[in-house]
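User: I am new to this structure and would like a close look at one part of it. Please take your time and connect that part to its surroundings.

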Amino acid sequence: MNIKHLQASLAALILGMSAAAHAAPAIEDKFRQLDELLPTPNEFRTASGAPGHAYWQQRADYRIKVTLDEAKRAVTGSGSITYHNNSPDTLSYLWVQLDQNMFRADSDNRNIATLPSREAWQARGNDGVKFEALRFQLESRAFEGGIQIHGVTDAGGRKLAHTINKTMMRIDLPQPMKPGARFSFNVAWSFKVPEMNVLGRRMGYERFDREDKANDSDLFEIAQFFPRMAAYYDIKGWQNKQYMGDGEFTLEFGDYDVEITVPADHIVASTGELQNPGDVLTSAQRDRLRQARTAKKPVVIATQAEAEAREKQRAAGSKTWRFSAKNVRDFAFASSRKFIWDAQGIKSGDQDVMAMSYYPKEANPLWGTYSTAAVVHTIEQYNKYSFDYPYPTAISVNGPVGGMEYPMISFNGPRPVKDKKTGEITYSKRTKYGLISVIIHEVGHNYFPMIVNSDERQWTWMDEGLNSFLQFLAEQAWEENYPDTRGEARNIVDYMRSTNQVPVMTNAESTLQRGNNAYAKPATALNILRETILGRELFDFAFREYAERWKFKRPTPADFFRTMEDASGTDLDWFWRGWFYTTDPVDVSVDGITEYTVGSKDPEVEKAWQRAREKSEPVSIIDQRNKGMVRRVDRFPELKDFYNEHDDFTVTNKDRNKFAETMADLEDWEKELLKSGKRLTLVDFTNKGGLVTPLIVEIELKSGKKIIERIPAEVWRYSPQKITKLFITDEPIVGLTQDPYWETADIDVSNNAWPRKATPSRLELFKTEQDRNNLMRDFRTPLKKKPAAEAPKAVQ
């Protein structure tokens, strides 16, 4: 640290410090507004981020009958769709999603599939990954996937002209739909269900092989099983981007009346409420279901003993389960004779909710203990930060899909395994917490995007990122030291260092490192916004406002950005620009530090300080060697005068008079500062990463006391690359750390401290067999020349 004593006037001192920031030849305005990037506000979407007075959205109501053929692993269905044109536009055709066509052998999804590069194979060191990719490409060519449309007719049974374009179908209307009109049409279809672990994506079946092949039992998780209306809205028009796999779904709200016909011994889990329990459940199961509504813990509705009996007996015939769902944007179901089913009633505001889980016996004991408890926990926690869960059911199903969400129902994967040595059923810590986390995440999707209905086909982060953020908060409330993986700033650092990135504001199908980009980075950004920039109170109010404004509506990124600023009263354009529109990381370096003490101007004090400072300096090597030398004035004392008797630090009357004159000219605040004895420290910071950030500075004083100063990100507004900041303390600073709690995702903490701190690491001498051979080869010659006792030792 450079230590300087200021003798200039205090007014000049303050002016000098205010201009201490490093000059930059050209300023990149990190704080310019997002006006050129966001759409212009209008009557549909306001500048505050709220829906406008003329906001509108379409609606589609469905009546569906569907049959699951277990032996053929196929679905056939028919139904009617009533489309409501609430827009101010006249429509001459409708677009319908045929997502099952992604499973066609000639689909874009299959045709654009590639194998990882040679470098990727080598990095993974796993030929099994290569085999799985090859198996997918080979078997997908043989699978007769895709939806077969057997007819499209109007309400009167007349054929409607339609054109299928891959995963989209255009229906040409007999006459244009004017604003406020509605149109009903009928459609019939069928498709083969893909095996999830081989060909599936977000839906499919799972085999449970038995020795008696005739009695194999499958577990079906069925979604995207019917032609669904594409979304039409003010920003996009028709959202008819092809379904290629990564961009998920953009749909309209509506009411569903669905009849599901399955083998008679199957248990069905579904979106909506069961309308005919007397037709499909036993008397005992209906009694248990009634008990579960007021139970404090999950009640088993369909037991493991009943599931095992169904597997052995194989009932003939079929049963039809009827479900009704109000104001949902999609519908899915699961079916199997293997299902165990438990449930627990909870209260969500004024809504009675049944939290339920469906799972095969292979999922126990893990699922029976944790699944429904995690569903209940999710609703309790998400309600705090958004709105009360409005639907009557919330379901978690164990099956082949690792994690996927639909209204009121989610498909989740982790289950225990059998120990190869002991034969006991067991599960790892990773499996346990992986299950809890995936249930929180997928049930949480009921809020985003099943209710706050963002365009998933366009912006993955708007549902995955926001949901991952709330998932993190819910995990924190599950238990202390929960092993979360997304949310903490320190956990995103490796990704932020990487070069293979795209901005968060990238279309779903073009997003690289999807898990980091669309889930972890936006979740981390929101945590930093909540904890470091806005504070919890402001953030939570603004986030709830966004959720309330846009529930059962379709927000865009601009609506989220604007609402968070509007409700928090904070300009955050710099934050959205850096975290969502660039790939810049946070990397702030502490580059220089200089301490000043304020000169009192009292010659009695100042000259004593100067004398002491000079004495503290090292003695010159020349003076050391000249010590004892006989000088002329020593031999001839008459040559000495006043200046030999007094050094440069002797106080004279002239000094005292000048001090009196100076004090008379000082203002009161300057006199007070002189008395205080404050230490003034200038610290140079460099923004190496490019992403502007608040400064969180921990200052350690000579006494051992530590203080934290939090400086807003706007400190970079005039000089985004380099700044100098003044810190005023009562005693000397002996240490200083920027971002001491690792809360800003700084990618290089080695330059965050003064004095610099060594970064602990570990040397691995024998990382691989090849490294070991190379190392021993290098040592081989010296080893032959030295006695055994002198051989090099491995680092411990």
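How much space lies in the second largest pocket?

Analyst: This is a predicted model, and in it about 750 Å³ of space lies in the second largest pocket. The lining of this pocket is made up of 30 residues, and those closest to its centre are Val438, His441, Glu442, Arg486 and Tyr519. Sorted by class, the lining has 12 charged residues, 10 polar ones and eight nonpolar ones.

Several elements take part in the lining of the second largest pocket: strand 23 (403–406), helix 9 (429–444), helix 10 (461–476) and helix 12 each supply at least two residues. Among the contributors, helix 9 gives the most, with eight residues.

Helix 12 deserves a longer look. Helix 12 covers residues 514–534 and bends by about 35 degrees at Ala520, with a proline, Pro522, following within four residues. Of the 21 residues in helix 12, 17 are buried, and the helix is thus described as mostly covered. After helix 12 comes Gly535, which has a positive phi, near 90 degrees.

Helix 12 is also connected to another part of the chain through a charged pair. Arg514 forms a salt bridge with Glu248, and their closest N and O atoms are 3.9 Å apart. Because Arg514 lies in helix 12 while Glu248 lies in the loop between strand 13 (237–238) and strand 14, the pair ties together parts that are 266 residues apart in sequence. Glu248 has a relative accessibility of 4%, so it counts as buried, the cut-off for buried being under 20%.

From that loop the path leads on to strand 14, which belongs to an open sheet of seven strands with mixed pairing and the order 5-8-3-2-14-18-16. The edges of this sheet are strand 5 (148–154) and strand 16 (273–274), each of which pairs on one side only. Strand 14 (residues 254–263) and strand 18 (residues 318–328) run antiparallel and are joined by nine bridges, and one of the bridge pairs is that of Pro263 with Ser318 in strand 18.

A second charged pair involves the loop between helix 9 and helix 10. Here Glu456 forms a salt bridge with Arg329, with the closest N and O atoms 2.3 Å apart. Glu456 sits in the loop between helix 9 and helix 10, whereas Arg329 sits in the loop between strand 18 and strand 19 (333–336), and the pair links these distant parts of the chain, 127 residues apart. Both Glu456 and Arg329 are buried. There is also a network, in which salt bridges that share partners join Arg63, Asp257, Glu259 and Arg322.

For a contrast in exposure, one can turn to Asp154 and Arg158, whose side chains meet in a salt bridge at 3.0 Å, N to O. Asp154 has a relative accessible area of 7% and is therefore buried, whereas Arg158, at 55% relative accessibility, counts as exposed. In total, the count comes to 46 salt bridges.

To sum up the part you asked about, the second largest pocket takes lining residues from helix 9, helix 10, helix 12 and strand 23, at least two from each. Helix 12 is linked through Arg514 and its salt bridge to Glu248, and the loop between helix 9 and helix 10 is linked through Glu456 to Arg329.

Note on methods: Residues numbered from 1 in each chain as written. Predicted model: local features only at pLDDT ≥ 70, side-chain atom pairs only at ≥ 80, totals over all residues. Heavy atoms only, no water. Bend = angle between axes of the 7 residues up to and from the residue. Buried < 20%, exposed > 50% of the residue type's maximum accessible area, 1.4 Å probe, protein only. Pairing = 2+ DSSP bridges. 1 Å grid on protein atoms, 1.4 Å probe; cavity = no way out; pocket = protein on both sides within 12 Å on 5 of 7 lines; lining within 4 Å. Points joined across faces, edges and corners; volume = space filled by probe spheres on them. Nonpolar A, V, L, I, M, F, W, Y, C, P; charged D, E, K, R; others polar. Salt bridge = Lys/Arg side-chain N within 4 Å of Asp/Glu carboxyl O.
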